[in-house]
Structures are given as structure tokens and as C-alpha cells.
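User: Could you take me through this model? I would like to cover the fold, the core and any unusual backbone geometry.

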Amino acid sequence: MTDTREFDLVLFGATGFVGKLTAEYLTTAAPEGARIALAGRSPGKLAEVRADLGPAAAKWELVQADSTDTASLIALARRTRVVVTAVGPYLRYGLPLVGACAAAGTHYADLTGEPLFIHDAITTHERTAIDTGAKIVNSCGYDSIPSDLSVYEIYRQAVADGTGELEETTLVAYLKGGMSGGTIDSGRAMMEDIAANSKRGAIMANPYSLSPDRSMEPDLGRQSDQALARADSIDPSLDGWVTTFIMAAHNTKVVRRTNGLLGWAYGKHFRYREVMNAGRSAVAPLVAAGVAGGIVAGMASGAVLSRVPLGRKVLDRILPKPGTGPSEEARRSGWFTMKTFARTSSGARYQATFAGQGDPGYQATAVLLGQSGLCLAFDTLPERAGVLTPASAMGERLTERLRAAGMTIEVTRQ
């Protein structure tokens, strides 16, 4: 991409909950002289956000663009080298911007945790993005950078050690954090989409639905994201119980797509799952079972209610509204640690630890998304283009950036 573009990076959705946090982060993380703009549908609200950001953002330009106005998105994409978007649910509002960036050869990063959206982006815009050299990078937040980079860094270490291909690999999530109305709304968007077209449910259920070539994937038997087990069944160093991790169904598809985009470099027997720590107390098994059952029941209930107008009205009344989220105190007190355990074809064992401070979905995600945008804008990256994952698009350069930003990313051989 040439340097004739007006901006290095445009943050679209800067007036939303995560958008504001990302804009605030960019005021301290962007290099001096970076040409940054804030975009959204309301110039007045954008001006308020910029004023709240202080002197560091005083010269940032404001760009009016609306996710329902394709012409404005095309104009936006043509003005910048990178678009970072926090406008969701992406399934409802995201595809026109992906199309505009793909056509303009503009790099793109989002926060989606919606496999159906990524599937649609691949189907409708991947060929164009490859032709123009655009990197369309999905899931650049807590979903799914810690998952994706953890496995990628284990792979790099195994290659350096000459210990063979990755086989059984499990991520265990430990976290303290809240959930915003935007996250809830993304889940609703997928449930409503499946309710309108039952065939879409098969995409959610298929662990390889984001694979670049399903025929190249191995047949490893049933792979389920539902979990209830002793933690030491994953690794002897662990204690207590593990249960279903609500984002596993999304993250695991992203990690498997990375393997495919890298030419199945992790190996043709790479088997991956994610679980969540449920604690070590005497009631931990009951908690774990309740979490696993509650996730299934909640998704089933939401799917049923999403099928009819009255049900959707009920959900409107009881669920948090988009644009809401945890308090500042809650965001700052949150944290996450992801421990990934892998065995290679030679029997070598590795553990990756990816940890960060701040509510994982918001405070930490602002860092992850902000650094992803800066990486796309300023770093020398692989030539790979199309609809990509964080690891396949940015790899070790993003790892280096996140370490410098204060996150822990390390791999040890056990």
C-alpha cells in the first residue's frame, strides 16, 4: 500500500463503549506523528469524544460515516491505510465496511466474536481482498488474540526445538471481568440469524467452518466445546475443575483457521479445545456443571425467544443495552490469564501463558485492538492477504507489540 492515503488509521465507532476505550488507548500508544482519525455517524458525538481525550487527540480529524451508508464507507476506506472498527454486532452492521476495505486495499481489524460474520466475510469478500492486498483481520480483542497467539508461539518454539508437529492442545482460561450490552447483542444477532435460517446453525456447530479448505482438514472424531472435567486431566500441574468456556466455540474456529492459512503448519493431527477454570473448592464440580448447563440452557432459550417478535421484545427488556459495560473500577480490577498446554508428535510438552491486566473484554481488549491497528499500519508484515486471523496476519510482530504494552506472553517446555 502506498503512502498517498490521508490517514494511517481510522477508528470507526469511536463513540461506542469499546470505541472510546480504544481511542483513549491510542492517545498514549500511537507513535508521534501518526495520522489518526475518529469516525462515526454523529459529528457532534465524535467531537465530544475527541475533546474528552485531551491534547494528544486535538489534531485528530473527524470523519462522518454510517454503517448503513455504503458510499460513506467506501469514501472512508479510500482515505486511510487501516480501519479499526468497534461497530457491532458485526453480523448486522459489519459486511459493508469489510467490502469497502477489501475493494480499496485497506487493512482492517475488528473485535468480532461471531463465526457467522467471519464466514460471510470469507464467502463474499475474500477474493477481492486477496486481489487488492487487503488484510481483513477479524477477532482482534480478547476474542481471539490470546488463543490465537498462544498456539502460534508454541508452534514457533516447537519448530525452533525440532520437536515435531502440534497434537493435543488445550487452553484453560482464568479471568475476572464483566459483560457489556454490545457483547450480549452480538450473541442475539447470531441467534436471530440462525432462527431465520436453520442451516446457519451447522456453521456454528462445525469446528472447521472457517477453514480455508475443509477437504484438507483431518478427521479427528468428535470435537466438542462443552466441558466438565478434572483440571489435572489436562496437565498434572493443574488442580480443581474445568468447565465450558463461553467463547470456545468461536476461538477454536479462529485457531483452526490459522492452522489452515499457514498451510496446516501446526500439523494434520492438531486437536484443539478451550475450557475455563471452575476453581478448587468442594462445590467446584457443582459450579462447573452449573456453568456448562447454564450456557447450553441460556443459548437454547435465547434461540427459541429469537424466533418470534414477542420473544425478541422479552429479550429487549431483560438484557443489557448496547453501549453499556462495566464501571471504570470494575474494568481496572479485571484480569485474565490463559494457559495453553500442548503435546507434539515427538512427545514434547509445552505451556504458553498469555496474561493481561484489566477487564479482558474491555480494558485489555482496547490494548489488543489498538495494538493490532498500529501493527497493521506501521509494521512490516507477511505478504499474506485476504480474510485473516491475528496470528496469520501479524504473527510475532503482534506478540512483540503486546509484550511491550505490558502483557505477558511466554512459552516454556515442560
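Analyst: The following turns treat the overall make-up, the sheets, the cores, the cysteines and the backbone.

User: Before that, what are the ground rules for the values?

Analyst: This is a predicted model, in which local features need pLDDT of at least 70 and side-chain atom pairs count only at pLDDT 80 or more, while totals for chains, interfaces and linings use all residues. Residues are numbered from 1 along each chain as its sequence is written, and side-chain values use heavy atoms, with hydrogens and water left out.

User: How many helices and strands are there in the protein chain?

Analyst: The protein chain has 15 helices and 14 strands. Helices (H or I, at least four residues) and strands (E, at least two) are DSSP runs, numbered from the N terminus.

User: And what share of the residues is buried?

Analyst: Of the 414 residues, 53% count as buried. Buried means under 20% relative accessible area, exposed over 50%, and partly exposed in between, with a 1.4 Å probe and protein chains only. The accessible surface of the chain is about 17,300 Å², and carbon and sulfur atoms account for 52% of that area. Such areas come from the Shrake-Rupley method with a 1.4 Å probe; for residues, only the protein chains shown count as cover.

User: What about contacts across the sequence?

Analyst: Taking contacts between residues at least 6 apart in sequence, 78% join residues at least 24 apart. Contact here means heavy atoms within 4.5 Å.

User: Let us turn to the sheets. Which strands form the parallel one?

Analyst: That open sheet has 7 strands in the order 3-2-1-4-5-6-13. Strand 3 (61-64) and strand 13 (386-388) each have a single partner strand, so one side of each is left without a neighbour in the sheet. From one strand to the next, the twist averages 20 degrees. Two strands pair if DSSP finds at least two bridges between them; strand 6 and strand 13, which run parallel, are joined by 3. Isoleucine 136 has valine 387 in strand 13 as its bridge partner.

User: Which helix lies across strand 4?

Analyst: Helix 14 does, running at about 165 degrees to strand 4, and it also lies across strand 1 (7-12), strand 5 (107-109) and strand 6. Axes are lines fitted to C-alpha atoms, for helices over the stretch in contact, and angles run from 0 to 180 degrees between N-to-C directions.

User: And the mixed sheet, what is its strand order?

Analyst: The order is 8-9-10-7-11-12-14, an open sheet of 7 strands. Its edges are strand 8 (228-230) and strand 14 (408-413), each pairing on one side only. Neighbouring strands are turned by 25 degrees against each other on average, direction ignored. Strand 11 (residues 335-344) and strand 12 (residues 349-357) run antiparallel and are joined by 9 bridges. Threonine 337 stands opposite alanine 355 in strand 12.

User: Now the interior. Which residues have the most contacts inside the largest nonpolar core?

Analyst: They are Phe12, Leu38, Phe354, Met394 and Leu402, in a core of 104 residues. Helix 14 (residues 363-378) gives the most to this core, with 9 residues. A nonpolar core is a set of buried Ala, Val, Leu, Ile, Met, Phe, Trp, Tyr and Cys residues joined through side-chain atoms within 4.5 Å. Beyond its neighbours within four places in sequence, leucine 402 has contacts that include Ile145, Leu149, Phe354 and Val367. A second, separate core of 9 residues includes Val172, Ala227, Ala231 and Phe341.

User: How many disulfides are there?

Analyst: The structure holds 0 disulfides, a disulfide being a pair of cysteine sulfur atoms within 2.5 Å. For cysteine 375, the closest cysteine sulfur is that of cysteine 140, at 9.4 Å, too far for a bond. Cysteine 375 is buried, at 0% relative accessibility.

User: Finally, the backbone. Where are the cis peptide bonds you would point out?

Analyst: One joins glycine 88 and proline 89, with omega about 0 degrees; proline 89 is in the loop between strand 4 (80-85) and helix 4 (90-93). Another runs from aspartate 143 to serine 144, with omega near 15 degrees, and serine 144 is in the loop between strand 6 (135-137) and helix 7 (145-161).

User: Why single these out, and what about phi?

Analyst: Most peptide bonds are trans, and most residues other than glycine have a negative phi. Serine 139 has a positive phi, near 60 degrees, and is buried at 0% relative accessible area. Tryptophan 264 also has a positive phi, near 55 degrees; this residue is in the loop between helix 10 (248-261) and strand 10 (271-279), and counts as buried at 13% relative accessibility.
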